[in-house]
Structures are given as C-alpha cells and as structure tokens.
Amino acid sequence: MSRLEGLTAIVTGAASGIGLGTARLFAEEGANVVLADIDEQLLKQEVDNLQSEGLSVTRSTLDVTKKEAWAHTVQCALNTYHKIDILVNNAGIHRPDKLLDTELDVWHNVMDANATSVFLGMQQTIPHMQQLGKGSIINIVSVAALTGSGAAAGNGTAYSASKGAVRALTTHAANHFAKDQIRVNAIFPGPIKTPIMGERQKTIAERNKDVVPLPPYYGEARDIAYGALYFASDESRFVTGDELVIDGGSVR
Ligand code: NAI
C-alpha cells in the first residue's frame, strides 16, 4: 500500500535538490503534491516532467519570504486538492560569509529565506490543518544548527544562525500544536549533493572524507526524502518535536 495515499502536501524549494526529491517520493507514495518554488521556469520544467510520469502534482510560484505569496500557494493547494495534510519547509539559501565580513543585507536575506519563511509557512497552513483535525510539518534544517557550520573556518555565519532559529521554531510549534494533532518535526541533513553547493558538488566526497565516516561521504536528495516520508506518514503519528540527523554519522 502507498504510504501517503490520499494526503496532500506542499513542498517548498521543490524545483531542485532535496525539495524536488521529496516531492517526487511523496507523489510516488500516493500523495497529491503542490511543488512551490521561486524559480518559475525550473519549477514548470520539473512539474511537467513529473506529470508526464502520471504523478499527481501541480505547481505554485512562491517566494517563501512573502506573506501574500504564501496565501496564494495555500489557496492553490485548497482549490486543487481541497486540504493540506503536510507541509515541507525546505526552501533555503546558503551564503559563506564569515561573521566579520557579513553585510547586514546578506544577514537579512539569509534569515528571511531560511527562517522567516518557516514562520510564514506555519502561520499560513496551520489554521487549515486545525480545521482538518491533523497535520504534519517537516522543517529541513541543517547540521549547521548543531555544529555552527564550518565552525573552525568560520564560514556561513548567517546560515548557521538561521538554521538555529528553525530548530527552536520546530520545538516551539511542536509543543504548542500537539493538542491539535499537528506534528512538527525537523530533519538535519549533512552534506547532500545538490545545486546549493555550486561548484563544490564536484569535490564533495574528497572534502568530506575526514568528517563523514560513512562512504560515499555525502548523501543524495533521496536520503533526506526518505526521512521526510516517515514524518509525513501516519507511521510517525506518535512523533513530534523530533530531530532526525541524516549525515553519514558526522556530528557524533
Ligand atoms: P537547492 O539549491 O538545490 O534547492 C533550493 C531550492 O529553494 C531552489 O529550487 C531555489 O529556487 C529555492 N528557493 C530559494 N529561495 C527561495 C525563496 N525565497 N522562495 C522559494 N524558493 C526558494 O538546495 P538543497 O540542497 O536542495 O537545499 C534544500 C534545503 O536543504 C535548504 O533549506 C538547505 O539549507 C538544506 N540543507 C542542504 C544541505 C546540502 O548539503 N545540500 C545540507 C543541510 C541543509
């Protein structure tokens, strides 16, 4: 039996990488999926592709930092599939700037895309989940929230801080909305080979050999998608506020 049969999911940042892998897996498992992303062109291309395979998916252009855009995507899900069971807050950006070099606009951009986005996504979808009487929210964080990302080198100051905010937001919302049967869980990916890494994708194995014990020393989008699938399905009905680290063993 399909693990998400009859459920509707919104996945943000779904035109690429982890979001696309998660949207595909959810649809393969029987969900109706709204793929949402700021990159309209890539989004159309990927959704056309999934639809041509017979999967139940649609698209909604979304800038996760904008409240009005969120309202539009939520309406798209309700108009097309009549309810929202699952939200995957996945969209995000990375900037390598170190603390002493981080311009204020870079700080704000990263906080908006990675943290404010999750706040807005929860604010816009939870009332509909409350009406439905249940829901599952999955926040894609990062091991950067646990390690301070490139801590020794000092890279990614705003990125680490934004992911730390999402970690706390996950626990906060999990506690508060458990009474409504809305579960909120977080996944902490380690190095995953996706376009967010840019050119660094090519050398990912060599760069991570010393910190990731498990070969091939990096993950693929599908490795994170399988974790999200567990949190999305009723198999995790007694699980909320959980922190699932998927990183090849590097943070332990
Ligand atoms: P990616 O770059 O392949 O995909 C990110 C997607 O988010 C893109 O399609 C992009 O257009 C979209 N996006 C960016 N800003 C947006 C906005 N304002 N509104 C809507 N969509 C927007 O990156 P990847 O690797 O798939 O990242 C997904 C999530 O996983 C991010 O939150 C990232 O921080 C997290 N993550 C990734 C890791 C990795 O090694 N790839 C490690 C840890 C966490």
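Mentor: Welcome! Contact means heavy atoms within 4.5 Å. This is a predicted model, in which local features need pLDDT of at least 70 and side-chain atom pairs count only at pLDDT 80 or more, while totals for chains, interfaces and linings use all residues. Residues are numbered from 1 along each chain as its sequence is written, and side-chain values use heavy atoms, with hydrogens and water left out.

Trainee: Of the contacts in the protein chain with a separation of 6 or more, what percentage comes from residues 24 or more positions apart?

Mentor: Take the contacts in the protein chain whose partners have a separation of 6 or more. The share that belongs to residues 24 or more positions apart is 71%.

Trainee: Why is the protein chain said to be as compact as a globular protein of its length?

Mentor: The chain has eight helices and seven strands (DSSP runs, H or I of at least four residues and E of at least two, numbered from the N terminus). For 252 residues the globule rule (2.2 Å times the number of residues to the power 0.38, with the radius taken over C-alpha atoms) gives 18 Å. The chain is as compact as a globular protein of that length because its radius of gyration is close to that value, at 17 Å.

Trainee: Is Thr 125 buried or exposed?

Mentor: Thr 125 sits in helix H4, residues 104-132. Beyond its neighbours within four places in sequence, Thr 125 is in contact with Ile 10, Val 74, Ile 84 and Leu 87. Its relative accessible area is 0%, and under 20% counts as buried, over 50% as exposed and in between as partly exposed (1.4 Å probe, protein chains only). Thr 125 is therefore buried.

Trainee: Which residue has the backbone oxygen that the side chain of Thr 170 reaches at 2.7 Å?

Mentor: Thr 170 belongs to helix H6 and is buried, with a relative accessible area of 2%. Leaving aside neighbours within four places in sequence, Thr 170 touches Asn 139, Val 184, Asn 185 and Ala 186. At 2.7 Å, its side chain reaches the backbone oxygen of Val 166.

Trainee: With which residue's side chain does the side chain of Lys 202 make a polar contact?

Mentor: Lys 202 is found in the loop between strand E6 (182-189) and helix H7 (204-208). Its relative accessible area is 62%, so Lys 202 is exposed. A polar contact is a pair of N or O atoms within 3.5 Å; within protein, one must be able to donate a hydrogen and the other to accept it, and residues adjacent in sequence count only if both atoms are side-chain atoms. At 2.8 Å, the side-chain partner of Lys 202 is Glu 199.

Trainee: How far is a polar side-chain atom of Thr 194 from an oxygen atom of the ligand?

Mentor: Among the 27 residues around the ligand (a heavy atom within 4 Å), those that come nearest are Ser 16, Asp 37, Asn 90, Tyr 159 and Thr 194. A backbone N or O atom of Asn 90 is 2.7 Å from a ligand oxygen, and a polar backbone atom of Val 64 is 3.0 Å from a ligand nitrogen. For the polar side-chain atom of Thr 194, the distance to a ligand oxygen is 2.4 Å.

Trainee: What percentage of the ligand's accessible area does the protein cover?

Mentor: On its own, the ligand has 830 Å² of accessible area (Shrake-Rupley method, 1.4 Å probe). Helix H1 (17-28) and helix H6 (157-177) are the elements that give two or more residues to the shell around the ligand. The part of the ligand's area covered by the protein is 91%.
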